[in-house]
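Here is a quick tour of one chain, with an eye on rings, sulfurs and strands. Have the viewer open and follow along.

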Amino acid sequence: MRFQSGKYEGKTTEEVLLKYPDWARWNTQNYREAKHSREFGALAKKFTAKPYVVECASTHCGNKATRASAYQGSGDLMFWCDGCNPGQSGAESPKLRIVKTIGDVLDHVEFTMDASRSWARIIVRSLTEAKGLPKRVGEKQALASFR
């Protein structure tokens, strides 16, 4: 679905979600019944269902990651399988947050990084790369990632 007007005119909802996730969330929260908001929700569910392509951060494991952890105030994600403990990286558990969805990442940024747009986009980019998307995402790559 393409935007017909506004700042993202001509862009697809897939591309906007991946490149501007903070704006997609704002749109969804403020215009819940709009067709683009409903599309963002459906795409976010598809994205969450995509498997990770990176290995678990544990050096003894070798399994594919199934989730990520984010440390309070940090823009770095570490990826873990279900069998490994993210706390083993030395992070204090109250400051460690498990993130599996774009929404989880945006919550992390909102609550521990002053809702920084640039950090939201950087960390979502890290999450998308861990799910196999290229570093640079244009319309073609965004559309392909949701097929």
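## A lysine over two rings

Which residue lies over the face of Tyr52? That would be Lys131, at 4.8 Å from the ring centre. Keep in mind that this is a predicted model. The charged end of Lys131 also sits over the ring of Phe47, 4.9 Å from its centre.

Tyr52 has a ring partner too. The rings of Tyr52 and Phe79 have centres 5.7 Å apart and planes at 55°, so this pair is tilted. It links distant parts of the chain: Tyr52 is in the loop between α3 (35-49) and β1 (67-71), while Phe79 is in strand β2 (residues 77-80), 27 residues apart. Both rings are tucked away: Tyr52 counts as buried at 6% relative accessibility, and Phe79 counts as buried at 12%.

## Aromatic pairs and a cluster

Overall, the structure holds nine aromatic pairs. One of them is Tyr8 with Tyr20, a tilted pair with 4.8 Å from centre to centre and 35° between the planes. Tyr8 lies in the segment before α1 (13-19) and Tyr20 in the loop between α1 and α2 (21-30), so the pair ties together parts that are 12 residues apart in sequence. Tyr8 is buried, with a relative accessible area of 4%.

Both tyrosines also belong to one aromatic cluster, made up of Phe3, Tyr8, Tyr20, Trp23, Trp26, Tyr31 and Phe40.

## Cysteines without a bond

How many disulfides does the count come to? Zero. For Cys56, the closest cysteine sulfur is in Cys84, and 3.7 Å is too far for a bond, because a disulfide needs sulfur atoms within 2.5 Å. Cys56 counts as buried, at 7% relative accessibility.

Cys61 is in no disulfide either: its nearest cysteine sulfur, that of Cys81, is 3.5 Å away. At 22% relative accessibility, Cys61 counts as partly exposed.

## The three-stranded sheet

Now for the strands. Three of them form an open sheet in the order β2-β1-β3, with antiparallel pairing. β2 and β3 (96-99) stand at the edges with a single partner strand each, so one side of each is left without a neighbour in the sheet. On average, and ignoring direction, neighbouring strands are turned by 30° against each other. As a general point, strands of a sheet pair through backbone hydrogen bonds.

β1 and β2 pair over four bridges, in the antiparallel sense. Within this pairing, Ala68 stands opposite Phe79 in β2, the Phe79 whose ring is paired with that of Tyr52. Ala70 has Leu77 in β2 as its bridge partner. The two strands form a hairpin with five residues between them, and Gly73 in the turn has a positive phi of about 80°.

On the other side, β1 and β3 are also antiparallel and pair over four bridges. There, Tyr71 has Leu96 in β3 as its bridge partner.

## What covers the sheet

Which helix lies across β1 and β3? It is α4 (residues 102-112), running at about 150° to β3. As for β1, the strand is mostly covered: four of its five residues are buried.

How values were computed
Residues are numbered from 1 along each chain as its sequence is written. This is a predicted model: local features need pLDDT of at least 70, side-chain atom pairs count only at pLDDT 80 or more; totals for chains, interfaces and linings use all residues. Side-chain values use heavy atoms; hydrogens and water are left out. Rings of Phe, Tyr and Trp (its six-membered ring) pair if their centres lie within 6.5 Å; planes under 30 degrees apart count as stacked, over 60 as edge-to-face and the rest as tilted. Buried means under 20% relative accessible area, exposed over 50%, partly exposed in between (1.4 Å probe, protein chains only). A charge sits over a ring if NZ of Lys or CZ of Arg is within 6 Å of the ring centre and within 35 degrees of the ring normal. Two strands pair if DSSP finds at least two bridges between them. Axes are lines fitted to C-alpha atoms, for helices over the stretch in contact, and angles run from 0 to 180 degrees between N-to-C directions. Contact means heavy atoms within 4.5 Å.
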